Every structure is written in structure tokens, then in C-alpha cells.
Amino acid sequence: MTRYTESRVMIRLEDVTQAYPSSGREGRVALGPVSLEVFEQEFLAVLGPSGSGKTTLLRVIAGLEMPQTGRVELAGLDVTNVKRTPPEKRGVGMVFQDYALFPHLTVWENVAFGLSGRNGAKRARVEEVLELVGLQGMGDRYPYELSGGEQQRVALARTLAPNPRVVLLDEPFSNLDADLRREMRSEVKAILRKLQSTVILVTHDQEEAFDWGDRMAVLNRGRIEQLGASEEIYTAPATRFVAEFIGRADFLIGRRCSEGIETELGVFSLKSSAGRVSQHETWEILIRPDMVEIEPDPKGGAVIVARRFSGIQKLYCLELPSGQRIHSLQPSTRNLPEGSRVRLKVLLKKAICFPQGS
Amino acid sequence: MAVSARARRLIKRRSSARPWGLWLPSALIALGMAVPLVYLLYQASSVAPDVWARLLQTRVPGLIVNTLLLTGLVTIGALGLGLLLAWLVERTDLPARKILRSLFIAPLIVPCYLVAICYAAFFGANGLLEKMLQSFGWEMSVPSIYGLGGAAFVLILATYPYVYVIVRASLERFDSTLLDAARACGASRVRAALRITLPLLVPALSAGGVLAALYSLSDFGVVTTLRQQTFVSVIYQQLTGRYDPSAAAALGALLVLLTLLLLWGQGRIWGRRRFASEKPSGRPAPLVRLGRWKIPALALIVVVLIAGLLLPLGVLSFWLVNSWLIPQTNALLWGTSGNALLNYLLNSFTVSVAAASLAVLLALPLAYASVRYRDRWSQTWAWVSQAGQSLPGVLIALGLLFVVLRFLPGLYATVLLVILAYVVRFFPQALQALGSGLAQVPACLEEGARLLGHRPLSAFARVTLPLLRPALMGSWILVFLSALRELPATLLLRPAGFDTLPVRIWTAASEGFYAQAAPAALGLIGLSIPLLFWLHRGSSAQGSVKSYD
């Protein structure tokens, strides 16, 4: 976070809400109220389940939707009013989920679409951008003659050609298969870093979000549940939704006691957020599989009820005496049979807990 | 993925060992459908050179100019009107769009020859308009409805609904993220419309344009009524008036050539481009506010609806009332004599039912072969059998006439020949409707039935046929409706005294007994309305368009 404190704010949203008109979507509020600041040259990943308003967020910034309330600023300029600052006047580029390549135009014409000015300068710029994305010599093809990865590159080239200040990526990799996705991601990232763009990537893929951003925002039902560095979001989720949505999570039920929260795995201290604890009686403590250590022990309280092998790791499902189940992640080299008893240890510096029913 | 696709192809190739029981009938049916056209061309090739020379020097140049002028005017007019109306209904804040959406195809309920007859009677010399003006004491000359202008006007009214339906469906399925992308690339609203929307409508426009062009190339009723000479009207005259079959064959061959040129031209404009943008994005495109343009837009719509629908219906109703009021015509019309309306109705009904049933029955094996076994031969048969498509009814009748006179003189001037002409002419409609219906029934259902122990025929009968019922129904109604309204082939081939509803309307109107035509005309329209409604009820979702004339 500190990296940006002196930087300029590139995108600022203040209490923006956006509802779709009644036809089809029944006037549902798709977004908001949302407030957000994105700094110059920052890479922000926006993660959320489908229907959480991710795409709407981008469309509001691009000027393709006009928010009903709130204020949108680009580089300090108020652009809330779409009529006064239409999308074509914003200097915002967007790569769409299914690329939205113009099917009747060649690659070259697609990339040149956003360029104006002399033909010579235009040609030079198109060649430059095509080279940047590694498509030199493919200008004469039509979109349907390209593979998925190539179409993706054309979409990126078309977006980058007019030198946008802000680049918005709407699930751009979701149509590619897993290997290509990873490859394209690092390539696109490298290109955009080189151009020092300000980028928002929208995705529903956690791996992509973790790998992308300087920061990430978790969106749920049109609201930002948490905004921060990826590790912070993983280790210290602010809401139960974030805890459950990011990574694998089990919740251990416990009761408030004088030292903290008492569970069947012991008492968890809650020094840092003790203030919040006092309000409620029953709590849920976030347990991630990588926090749970297990030792074979015939007298142990937990039983291995299932295990799942996934290459380099094994995920053990453990049943506690109360019947509650939690998971433990172990290296594959460790082999514990199903049905055997184990002793549990939870490695926790600071428990993350949420009032039950929240 | 690649492996499985290859494996599937291999399996398909091995398992689709040609089923002769299907293949042989398909081939015979397809060849049968092509016989009249092929024989017509053969006849034309044996026309004496001096006849050709005479025709080419005298009639042909003027005919080509006349025909192309009419076709061009109608195509441009239908494209303009259809596009404008589709845009108004889909992309603007025009009031009452939902009602207008279906009202715009309403002119289809009146067959175009009927519209032409009404126009001739309304605007013509000593027509209703003149009488009306005289009764007010106004002496003024009414602009002539005859000739190129009038014929083009009526044909535009008859063809714009086809363009409208196709373009509207295309607009409805238009992927609006392409427009978003254009805006995000810095294009203004207008530039996005011109550079993205319009080019992507090209397939719809060209399909609609070709329909309109073929329609006016093959039209018989409008050009004859409004006295505009085209290939079709002249061929008809050669056959009926002066009986010169070799000249008719020669002109017919030229008309075939003209039609093929048109179809070839349509295929040329695509190039390598693709226009498949039809992926519903879920986000409706924003509506354009018409503002003060609302009034001219509504005025245009009112004019179109009056001209295409209300005027013909009004004229027909006027005649009907008249026929009741005048005792002689009343007796003539509703009496129990052989002229009774019921008789024509029965005639029309019988031939149309026979033609529709036969066409669907014959189309079924071909449709199945071409959809399920996508090998070269079944595609060829499907293509051959559609040779008659987009050819004027006059030419089908002509070809059939030549064949019958040469090989089966016993069939000449029988009801069976009329039915055969309908089947040959409307077979492509049945085939296409069945084919698209079959394509929607996944082959795996039938394969499943096979794996559960059913023989091919039983699997088809127990699984595919029940699922195909809507398509069977649709194609039957399509052919029935077309046959019910068919005019030129019936006029040329019917046995003496065998009058269908359209023939009755035509002969009564051409003798000037409009009052006698009215009940038959309204009966025809009344029969058409529920069928047309049935055919078009799903058309907004599927964007299908049906052609009948």
C-alpha cells in the first residue's frame, strides 16, 4: 500500500451505484455503493463470483453505463456524466471477455479502428502494436481464422493501439485453456508493465487474481468486501464471505471465554480484535488446511475420513469428536491411511473469527 | 480434444455405410424435382437459331431493361423500407413498438396480385377514387397506377416485410458488446453505427434483398394487372395468347440465367469475411431517442399500413357490401349454381391439401439424408431438388407442360398436374423447414434408441418423428398456404372449369366483375390469417422468414 501513497490517483469512484433498467433485469442494483481508488500504474485485480457486479464496475469506468448515484473521476477529472464524457473521449481501453473483435474487419483493420490521423502514422502504430503482442505479419487475417490465443492478442493490440491511460480487462483469459491462460497472463502483464499502464483486471479465478495485482478487491453483490494486498486478503479476510470465497476454508465453532474463544481444539487468543468479540456468544474461527498439522496417534481425537490426492499435495478430511470436519493439507510424500486416528495442531498466530450467522 | 474429434470422424465414416433404402428414394425424388427445369433448358437449346435471333433483336433487350429496372427499384425500395422499419422498432423509443412489430408483417396476409387488383380498381381509369372525387364534384386527374412506378410500388409493399423480418431478427441478436468495443476504441455513436452495425447487417440485408429481387423477377400477378412487361408476363402471353412454345422456352431459359446471375452475385459479396456476431450478450443495445423525428416516423408508418393493408382490405370490403346490395350479383354469387363460392373453396382446399401432404412426404427422406448423413451425395440431392426454388411459377408450369406433352399426354389438363406443379414448386420450402427442424433434434437421441435395441426405422419412428412434429406441421402449413395462394401455374395447367379461389379472383377481376371477386378474395385472406399467424408466431425468436406468393 505504501508504494502508492505519493502516487497520483488515476481512477476514483465515490459511492457509485448502478442499477440496470427494468427490462430483463428487473431494475436490480448491479453495483454499489462502491468507493475505490486506483493509483497511476497500479495493477488492480477485482475478484468476485458471477453476478457480483465486476463487469458493471468496468463498464461504469469505461463510460458504457452511467451510474445512478456517486461520482467517477479519471485523473482528477469528473467523468460521471456519460453524455458529457462519452466512452470515446475517456482514453480508457477495454478488453472484453469474448474479445468482441469486429468479425467483418481484418486483424489490421481491427487494430487500426481506434486510431485516427495520417495513414503513415497509423500504419506505423498498427505495426508497432502488432509486434508488441507478437502478431507481426498476421494483419491480413480475419478474426475467425485465428486461434483463441491469437484473438486474445488482437483484442489486446486493438485496446493498446490508441495509447489508453487506463486498461480494463474483463475476464480476458477465461476463454483460454489452463496452460495458455497462464502463459498469456504473464505475457500480457509484462507488456502492460512495460507500457506503465494503469490496469484493472476482473476475474472469477483466484489464481489469476493472486498472480495479477498489486492489490486486489473482492466484490460480492455489488459491494467491495475487502481491498488490499493478496496475502493480506488470504490471511486476514475482513468478512466471512471473503474468508470462504478465497482459498479453502473450514470454520470451527467456539464460545467466548475470558482468554478468547474456546473450541474443541483449544482456546484461541484474540488480542488484536478483542473489542469485537465481546458482542457475541458463538463464533466461527477460520481454519485453513495449510494451518493444520497432523501427527498419527492412536489416542488422537480426530479420524481421517477421506483423503484427496492432487499431485504434489494430499488433502485430508478429518472428523473431530463433535462430528465437525476440517481439512489438512499435507505433502504427498506423507501417507496416512483412511480411518486412522491423528492428533491435530492448528498453527495460528492470530485467530480470524466471525460471529456465527454473519 | 483433437484426437477425439478425429476419432469421431472415423467412427462416423465407418458407421455411415450408405443406407440404400434411404439413399435411392432420395436420389429419385431429387431428380424428379429437377426434371421440369432441366427439360425446359433442353427445349430452349433446341429452339431454332432464327427464332433466337428474332427474339434477341426485337423483344429481349427491352424486356431485360424493363425487368431489371423493376427488380432494381423493388429491391432498393424494399431494403430501404424494411431496414428503416426494423430500426425504428428495435432501436428507437418509438411508441407502441410491440404492436407495430407484428403489424409490419401484416401486409403478407393479402396476396400481392390481390393488392394489385385493388390498386388497379382504386386508382385506375373510371376507378373508385375517380368516382369518389366526382361524387364530391371534383374533377381532377388521378396519377396513373399502371406501368413501372405502380408495379414497383405494389411490389415494394409486398416484399418489404421479408427484409424487415430478417433485419429485425439480426438486430435482435446483434452482439451489443461490439458496439461497446467500438466506443471504447474511441468511435462516436454515429461512427460505430456506420462502421460496425451496418456492415454486420450486410448478410441480413443481402438475404432480404435477394428475396425481394427474386420475388419481383418471378412476379406474375402484379405486372400483369398493372401492365408492366417483364419476362414472366411475356412468357405467359406467349403461352396463352399466341401460343408460341419455342419463344416461351427461349425466354424462360433467359429468365433462368438472370435468376442464377442474381444468386451468384449474392454469393460473391461475402468474400472471406464472416459476419457471425450473433451472440446475445444479455445487455440490450441502448435506444435512440427520436425526439421531434417521432412525428415523421409515425406518419411514414401510417402511410405504409394504409397502403399495404387498409386500402386493399377497404376496397375488398366495399365490393363485398356492393355485391350484397346489387340483387343480380347477389344471386349470382350466393346462389346454388356451379359458380358458388363453396365450390372454389373446395377445389382450392383439395389441391392444396394434396400438394402439401405429398410435398412433406417426399421431402422427409431427403431432409433426413441431408441432415443426418452429411456426405457429398445427400448434399447433392438436396441441392438438385431445390433447383426449382427461386424460379418463377410460370417457368415451373412451362417445364412441366413440356414434359407432360412430350411423355405423358394423358396428364395434360388434369387436377393431378396442378398438384404436381405445386409439389415441384414448393418442395424446397418443405425441405428447408423439415431440414431445420431435423437439425434441432440431436442425432444422439436416435443413437440412444439404437443402443437400446431399436432398428433404424423404429428408432426414427419412436424418437425422431414425434420430436419432429412441429417441423412437420410447419412445413405442411407452409406448402399448403403457398399452394392455396398460387396463381400463374394454376392458370396455365388447370383443366377447363376447374377454378380455385385465386383463379376465380383473377378471372372475375380481369373481366371487371370486381364484386364477384370480393367474396373469394376475403375467403382467401380469412383462410390465410390463422395459418400465417401460426407460421410467424415464433419468428421473432428464431428470425425465420417464410416466402410464399
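The following exercises, each with a worked solution, concern a predicted model with chains A and B.

**Exercise 1. Secondary structure of the chains**

Determine how many helices and strands chain A contains, and how many chain B contains.

*Solution.* Begin with chain A, where the assignment gives 10 helices and 20 strands. Proceed to chain B, for which the counts are 27 helices and 0 strands. Chain A thus combines helices with strands, while chain B has helices and 0 strands.

**Exercise 2. Dimensions and charge of chain A**

State what box the C-alpha atoms of chain A fill, and how far apart the mean positions of its positive and negative charges are.

*Solution.* Taken along the principal axes, the box is roughly 80 × 45 × 45 Å. For the charges, count 47 positive and 46 negative in chain A. The mean positions of these two sets are 2 Å apart.

**Exercise 3. Burial, surface and contacts**

Describe each chain by its share of buried residues, its accessible surface and the sequence separation of its contacts.

*Solution.*
1. Burial: chain A has 358 residues, of which 51% are buried. In chain B, with 549 residues, the buried share is 52%.
2. Surface: chain A exposes about 16700 Å², with 48% supplied by carbon and sulfur atoms. For chain B the accessible surface is about 25500 Å², and carbon and sulfur atoms account for 67% of this area.
3. Contacts: consider pairs at least 6 apart in sequence. In chain A, 66% of such contacts join residues at least 24 apart. In chain B, 81% of the contacts with a separation of 6 or more are between residues 24 or more positions apart.

**Exercise 4. A nonpolar surface patch on chain B**

Locate B:Phe136 in chain B, classify this residue as buried or exposed, and identify the patch to which it belongs.

*Solution.* First, place B:Phe136 in the loop between helix H7 (128-135) and helix H8 (148-172) of chain B. Next, take its relative accessible area, 57%. Exposed residues are those over 50%, so B:Phe136 is exposed. Finally, assign the patch: B:Phe136 joins B:Met132, B:Trp138 and B:Met140 in a nonpolar surface patch. Together these residues have about 480 Å² of accessible area.

**Exercise 5. A residue of chain B touching chain A**

Establish where B:Asp180 lies, whether it is buried or exposed, and which residues it touches.

*Solution.* B:Asp180 is part of helix H9 of chain B, residues 176-184. Its relative accessible area is 10%. The limit for burial is under 20%, and therefore B:Asp180 counts as buried. Leaving aside residues up to four places away in sequence, B:Asp180 touches A:Arg59, A:Leu64 and A:Phe96.

Note on methods
Residues numbered from 1 in each chain as written. Chains lettered and ligands numbered in written order. Predicted model: local features only at pLDDT ≥ 70, side-chain atom pairs only at ≥ 80, totals over all residues. Heavy atoms only, no water. Patch = residues over 30% accessible without salt bridge, like charges linked within 9 Å, V, L, I, M, F, W, Y side chains within 5 Å. Areas by Shrake-Rupley, 256 points an atom, 1.4 Å probe, with all protein chains shown as cover. Salt bridge = Lys/Arg side-chain N within 4 Å of Asp/Glu carboxyl O. Helix = DSSP H or I, 4+ residues; strand = E, 2+ residues; numbered from the N terminus. Buried < 20%, exposed > 50% of the residue type's maximum accessible area, 1.4 Å probe, protein only. Contact = heavy atoms within 4.5 Å. Lys, Arg positive; Asp, Glu negative; His and termini not counted. Charge placed at Lys NZ, Arg CZ, Asp CG, Glu CD.
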